Amino acid sequence: MKIDPWKSIEVKDYSKTMKEFGIDPIATLYKNLPLKSILFSRNVIFGHKDFGKIIDAIKNKEPFVMMTGLMPSGKFHLGHKIVADIMVYFQKMGAECYIAVADIESNLTRNTNREESKKLAIDQYLINYIALGLKSKKTKFYFQSEGSIEYNNLSKYVAKRTTFNELKSIYGGLSPEKIISAFTQVADILHPQLKENGGPKPVVVPVGVDQLPHINLTRDIASRMKSEYNFILPSATFNKMLPGLKKGKMSSSDSTSYIALTDSPEEAANKIKKYAFSGGRSTIKEHREKGGNPDIDVSYKYLEMLFEPDDKKLKKIYEDYRSGALLTGELKQILIEKVQKFLKDHQKKRQKAKKQVDKFIVKTSPKKR
Ligand code: TRP
């Protein structure tokens, strides 16, 4: 099987995917990190490539970079929050953060309007990142279309370090748009190591499994550019996708599949009541007798992946739902209260965040472009 990074995939079996694509489990490594997080302990970040380098950098207090990118599309929802939490985690660990707005890729592969996607990137993504705790110090939020000369040149010179056959075997179907997007992403991932950005250093790229082909290509190209640039092969972490409210995919084009961070607390409660897929039984009587299934219950998943940091409390919810002591309506109510409190706080923080955007955005001087 091949992964197509331009078609969203739904992973059913993570351990199978890891074996198939050479992703290593992170469980044993994360114990060496100085700050615990449910992102790791609950396996939200489930796998990695070459993450040992990053652990070493953190331990030895050496400089390292967290680099990732986003395709601006629609509203920022709870699925995006997971990625933001990961960025903030690495920033707390001392990472310098590079965040690429993939406006070139988005225009080439999804035909999005260039001005609109720039606006979305700021109104939806950046403002929410800030409100979720990203700090401007050591953050570079940049647009692919506004990168420096060196970054742009790098995106072209990588062409010499691969072949058409290699690209075909990594990506399957190709088009000029896909090739340019892939090369741009390789430059995104490698440019923090350019001389203008302080030279070679470990870089971790947190992504979903769909981005694995880009990671593999970048690592291959980086090793072939070694004599010229001395790049350290970038590391990656792989995170699970938050399931959509109705189970299945969370999709920006279906507002009943997600809770946006700008949804009102009432709206969010209604969506959970109406759409959140339940592992409960069809009658209360049956539920009390046979119990529910938290493993397939979306409200439970949201508590596990985002909203209930306390392991003991989560375990009790799990067991009570299994035994039938906790009803579906009650489980949903636990989530609703957490989500509403979060949204109220967050939406206040968004107001403050709006004033800060300029501190985050990289403006390349005309001379450097
Ligand atoms: N291709 C990524 C996506 O579809 C976006 C992206 C662009 C990216 N450049 C990147 C991700 C660099 C990680 C690193 O979401």
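**Fold, ligand shell and selected residues**

Asp4 sits in the segment that comes before helix H1 (14-21). The model here is a predicted one, and in it Asp4 is buried, since its relative accessible area is 17% and the buried class takes in anything under 20%. The Asp4 side chain also reaches a backbone atom: the nitrogen of Trp6 is 2.8 Å away.

Now for the overall picture. The protein's secondary structure adds up to 17 helices and 7 strands. For 369 residues, a compact globule would be expected to have a radius of gyration near 21 Å, and the protein agrees with that because its own value is 21 Å. Measured out along the principal axes, the C-alpha atoms fill a box of roughly 70 × 45 × 45 Å. Buried residues account for 53% of the 369 residues. As for the surface, the protein exposes about 17,400 Å², and 52% of that comes from carbon and sulfur atoms. Contacts reach well along the chain: of those between residues at least 6 apart in sequence, 79% join residues at least 24 apart.Next comes the ligand. There are 13 residues around it, and those that come nearest are Gly69, Glu105, Gln185, Asp188 and Gln211. By class, the shell splits into 6 nonpolar, 5 polar and 2 charged residues. Several side chains pair up with ligand nitrogen atoms. Glu105 puts a polar side-chain atom 2.8 Å from a nitrogen of the ligand, and for Gln185 the distance from a polar side-chain atom to a ligand nitrogen is 2.8 Å. With Gln211, an N or O atom of the side chain lies 2.9 Å from a nitrogen atom of the ligand. The ligand taken alone would expose 370 Å², of which the protein buries 92%. As for where the shell comes from, the elements giving it two or more residues are strand S3 (65-70), helix H10 (176-190) and strand S6 (203-207).

Away from the ligand shell, Thr162 is a handy place to look at packing. Thr162 belongs to the loop that links helix H8 (149-157) to helix H9 (164-171). It counts as buried because its relative accessibility is 13%, against a cut-off of under 20%. Its side chain makes a polar contact with the side chain of Glu166, at 2.5 Å. Setting aside residues up to four places away in sequence, Thr162 touches Leu167, Phe183, Leu217, Ile221 and Arg224.

Asp24 is part of strand S1, which covers residues 24-25. With a relative accessibility of 39%, Asp24 is classed as partly exposed. Its contacts, again without residues up to four places away in sequence, are Met18, Phe46, Gly47 and His48. Asp24 and Asn270 are 246 residues apart in sequence, and their C-alpha atoms are 39 Å apart in space.

Met241 offers another long-range pair. The C-alpha atoms of Met241 and His80 are separated by 9.0 Å, with the two positions 161 residues apart along the chain. Met241 is in the loop that runs between S7 and helix H13 (265-275). Its relative accessible area of 48% makes Met241 partly exposed, given that exposed begins over 50%. If neighbours within four places in sequence are left aside, Met241 is in contact with Tyr14, Gly208, Asp210 and Met305.

Backbone angles round things off. Most residues other than glycine have a negative phi. Asn43 goes the other way, with a positive phi of about 65°. Asn43 is found in the loop between helix H3 (38-41) and strand S2 (45-49), and it is partly exposed because its relative accessibility is 33%. Asn230 likewise has a positive phi, near 60°, without being a glycine. Asn230 lies in the loop between helix H12 (226-229) and strand S7 (235-239), and at 47% relative accessibility Asn230 is partly exposed.

Conventions. Residues numbered from 1 in each chain as written. Predicted model: local features only at pLDDT ≥ 70, side-chain atom pairs only at ≥ 80, totals over all residues. Heavy atoms only, no water. Near = heavy atom within 4 Å. Polar contact = N/O pair within 3.5 Å; in protein donor to acceptor, adjacent residues only side chain to side chain. Areas by Shrake-Rupley, 256 points an atom, 1.4 Å probe, with all protein chains shown as cover. Helix = DSSP H or I, 4+ residues; strand = E, 2+ residues; numbered from the N terminus. Nonpolar A, V, L, I, M, F, W, Y, C, P; charged D, E, K, R; others polar. Rg over C-alpha atoms; globule rule 2.2 N^0.38 Å. Buried < 20%, exposed > 50% of the residue type's maximum accessible area, 1.4 Å probe, protein only. Contact = heavy atoms within 4.5 Å.
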